[in-house]
Amino acid sequence: GATKAFLLSISRAMHYELRSTGVSVTAACPGFTQTHFWKPGEEPLGAKVPCLLQQASACAAQCVDGMFARKPYVVVGNVGGLFNQILVTVGQM
């Protein structure tokens, strides 16, 4: 919701403002990621759909790649990444 949109917006603004300093800011926008964050039975619906889940190591690798590529933000995920990309795009409107 609004918090994620704000974080993406401020990260993009900082990336732009710091562009000539050698410092970059990259916002990570992961989709549903396989972790032990949720208690069994309390997972959100997206975490219960196997094709939407990504491995934490793959998520982290994509985020680090985006950071080294000096991207303002990185949307990561497998099949769920498309859904996540739509949410990020709509949030920028």
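**A short tour of a predicted model**

Visitor: How many aromatic pairs does the count come to?
Guide: This is a predicted model. Two rings pair if their centres lie within 6.5 Å. By this rule, the number of aromatic pairs is zero.

Visitor: Which ring does the charged end of R19 sit over?
Guide: For an Arg, CZ must be within 6 Å of the ring centre. The charged end of R19 lies 3.8 Å from the centre of a ring. That ring belongs to Y16.

Visitor: In what order do the elements of the chain run?
Guide: The chain has three helices and four strands. Read from the N terminus on, the order is α-β-β-β-α-β-α.

Visitor: Is I10 buried or exposed, or partly exposed?
Guide: I10 is found in helix α1, residues 2-17. Together with F6, L7 and M14, I10 forms a nonpolar patch on the surface. The four have about 370 Å² of accessible area together. Buried means under 20% and exposed means over 50%. The relative accessible area of I10 is 33%, so I10 is partly exposed.

Visitor: Which side chains of strand β4 are buried?
Guide: In a regular strand the side chains alternate between the two faces of the sheet. Strand β4, residues 73-76, shows this alternation. Y73 and V75 point to one face and are not buried. Pointing to the other face, and buried, are V74 and V76.

Visitor: Which residue stands opposite Y73?
Guide: Strand β1, residues 27-30, runs parallel to β4, and four bridges join them. Opposite Y73 in β4 stands A27.

Visitor: What share of the chain do buried residues make up?
Guide: The chain has 93 residues. Buried ones are under 20% relative accessible area. Their share of the chain is 23%.

Technical notes. Residues are numbered from 1 along each chain as its sequence is written. This is a predicted model: local features need pLDDT of at least 70, side-chain atom pairs count only at pLDDT 80 or more; totals for chains, interfaces and linings use all residues. Side-chain values use heavy atoms; hydrogens and water are left out. Rings of Phe, Tyr and Trp (its six-membered ring) pair if their centres lie within 6.5 Å; planes under 30 degrees apart count as stacked, over 60 as edge-to-face and the rest as tilted. A charge sits over a ring if NZ of Lys or CZ of Arg is within 6 Å of the ring centre and within 35 degrees of the ring normal. Patches are made of residues with over 30% relative accessible area and no salt bridge: like charges are joined within 9 Å, nonpolar side chains (Val, Leu, Ile, Met, Phe, Trp, Tyr) within 5 Å. Accessible areas come from the Shrake-Rupley method with a 1.4 Å probe; for residues, only the protein chains shown count as cover. A salt bridge is a side-chain nitrogen of Lys or Arg within 4 Å of a carboxyl oxygen of Asp or Glu. Helices (H or I, at least four residues) and strands (E, at least two) are DSSP runs, numbered from the N terminus. Buried means under 20% relative accessible area, exposed over 50%, partly exposed in between (1.4 Å probe, protein chains only). Two strands pair if DSSP finds at least two bridges between them.
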